[in-house]
Amino acid sequence: MIDVESLKEKLIARVHASEAPAEVAKAPEFRELYAQIPSLPPEDRGDFGKRVNELKKAVDDAIGQRKAELATVALPTIDVTAPFDVNSSEPLLLPASQGTLHPLTQEIERVSAIFNRMGFVTEQSREIDDQFHMFETLNFPKGHPARDDYDTFMTVETDQDGDPLIAPAHTSTMQNRVLKKYQGNLAQGEAIAVVVPDRTFRNEDLDARHEHTFYQVEGVYVAKGVHAGMLVATLQKFLEEYYGRSLNVRVNPFYFPFTEPSFEFALECPFCEDGCSVCSHSKWIELLGCGMIHPNVLAAAGIDSDEFTGFAFGCGIDRLVMMKHNIEDIRHLESAKLNFLRQF
Ligand SMILES: [Zn+2]
């Protein structure tokens with residue numbers, strides 16, 4: 001016979017020593033107790049059952065106590081000097097749920113989408129290119145003085161001519177490639193219409209308006225009978241779409257080796273009626289360079305300039321973003337400063 005009282009002490013001691021106290025409630029000793037019942041005289045069975053129930057209750061109470069004790073022990077010690085609550089998870093530096101597209105990326109996508117609706121396809125530029133695409137194909141022969149206007153970075157590695165590779169100073173480096181790639185359009189009576197919004201580089205003295213890394217959208221359009229009026233109309237349409245209002249534009253003569261004639265393109269300030277800080281109170285903003293593609297550039301891509309003509313333009317995207325958001329310093333854009341980026 002098992003003595004109920006001594007079993008109670010034994011089981012409660014077992015609960016106090018256990019890391020998994022609930023297991024004690026399933027102890028084999030309980031089965032042995034129940035197995036004794038048939039051998040007891042009928043008049044003792046009621047009392048025995050009552051004592052077994054008391055035993056079970058005492059063990060359950062001990063299990064509850066032990067569980068509470070184990071739960072307390074499992075808590076980490078609190079470090080009152082910790083910069084966050086030790087009982088909560090460590091805070092993330094930049095929660096992914098709060099991330100947004102960089103303001104430049106937003107504008108590149110927007111510019112690209114407007115031109116896509118106007119029938120232009122978007123191509124990417126390269127971050128390392130050769131001098132053949134940077135200069136020769138754009139009508140800057142070796143030794144041409146205008147090459148000096150494009151002071152950029154060079155690598156130690158050289159191209160097949162022995163010239164250093166360069167970080168492109170404009171996305172016009174892609175003109176020759178896209179003219180060749182889409183030349184089949186001309187044979188089918190369609191235009192070559194491409195924009196290249198991408199990253200460019202210059203060896204600049206950095207200040208609020210000059211950055212060594214910036215973005216430019218190059219546009220190229222070639223077909224039969226293209227003239228300068230189409231160039232002005234295309235840019236005006238783009239800018240009106242971009243700023244969501246009708247705008248006057250004006251062109252002034254300029255010089256680029258790869259366009260003839262070349263223009264400096266200005267638009268009426270979209271931000272004011274009577275002058276503001278964006279337009280330096282002149283009511284006009286000189287925005288981009290453009291012109292009719294030089295016959296030598298078409299010839300370099302194997303296009304007959306007697307049959308086809310075209311226009312090209314190059315516009316700084318950083319400038320568009322800065323004017324749009326009233327950003328006073330171009331260096332913020334590549335700074336990766338979170339307090340700047342979180343505003344977009
Ligand atoms: Zn203005």
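**Burial.** I began with burial in this predicted model: 28% of the 344 residues in the protein are buried. Next I looked up contacts with a separation of 6 or more, and 65% of these are between residues 24 or more positions apart.

**Overall dimensions.** I then checked the radius of gyration, which is 39 Å for the protein, whereas a compact globule of 344 residues would come out near 20 Å. The C-alpha trace spans about 125 × 50 × 45 Å along the principal axes.

**Domains.** Which stretches does the domain assignment give? I found domain 1 at 4-74 and domain 2 at 102-341 in that assignment. I also noted how far apart they sit: their C-alpha centres are separated by 86 Å.

**Secondary structure.** My tally for the protein reads eleven helices and nine strands.

**The sheet.** I traced an open sheet of seven strands, in the order 1-4-5-9-8-7-6, and its pairing is mixed. Which strands stand at the edges? They are strand 1 (121-122) and strand 6 (249-256); each has a single partner strand, so one side of each is left without a neighbour in the sheet. I followed strand 6 to its partner, strand 7 (residues 259-268): the two run antiparallel and are joined by seven bridges. For one pair in detail, I looked up valine 251, and its bridge partner in strand 7 is phenylalanine 265.

**Helices on the sheet.** Helix 4 (residues 103-117) packs on the sheet, where I see it touching strand 1, strand 4 (192-201) and strand 5 (213-223). The direction of helix 4 makes about 165° with that of strand 4. Helix 8 (residues 228-243) packs on the sheet as well, and I listed its contacts as strand 5, strand 6, strand 7, strand 8 (284-293) and strand 9 (309-316). Against strand 6, the direction of helix 8 makes an angle of about 120°.

**Nonpolar cores.** A reminder to myself: in soluble globular proteins, nonpolar side chains tend to be buried together. Here I found that the largest nonpolar core has 56 residues. Which of its residues touch the most other members? They are Ile192, Val194, Val220, Val222 and Cys290. I picked valine 222 for a closer look and left aside its neighbours within four places in sequence. That leaves contacts with Leu179, Ala191, Ile192, Ile293, Ile303, Phe308 and Gly310. Another core lies apart from the largest one; it has six residues, including Leu11, Val59, Ala62 and Ile63.

**A cis peptide.** I went back to strand 7 for proline 261, which is found in that strand. The peptide bond joining glutamate 260 and proline 261 is cis, with omega at about 0°.

**Positive phi values.** I looked up two residues here. Serine 280 is not a glycine, yet its phi is positive, near 50°. I located serine 280 in the loop between strand 7 and strand 8. Is serine 280 buried or exposed? There are 11 other C-beta atoms within 10 Å of serine 280, and the cut-off for exposed is 12 or fewer, so serine 280 is exposed.

Alanine 336 is also not a glycine, and its phi is positive at about 60°. I placed alanine 336 in the loop between helix 10 (317-325) and helix 11 (338-341). I ran the burial check on alanine 336 too: it has 9 C-beta neighbours inside 10 Å, so it counts as exposed.

Conventions
Residues are numbered from 1 along each chain as its sequence is written. This is a predicted model: local features need pLDDT of at least 70, side-chain atom pairs count only at pLDDT 80 or more; totals for chains, interfaces and linings use all residues. A nonpolar core is a set of buried Ala, Val, Leu, Ile, Met, Phe, Trp, Tyr and Cys residues joined through C-beta atoms within 7 Å. A residue is buried if 20 or more other C-beta atoms lie within 10 Å of its own, exposed if 12 or fewer, and partly exposed in between; C-beta atoms are placed from the backbone. Two residues are in contact if their C-beta atoms, placed from the backbone, lie within 7 Å. Domain bounds come from an automatic or database domain assignment. Two strands pair if DSSP finds at least two bridges between them. Helices (H or I, at least four residues) and strands (E, at least two) are DSSP runs, numbered from the N terminus. Axes are lines fitted to C-alpha atoms, for helices over the stretch in contact, and angles run from 0 to 180 degrees between N-to-C directions. The radius of gyration is taken over C-alpha atoms; the globule rule is 2.2 Å times the number of residues to the power 0.38.
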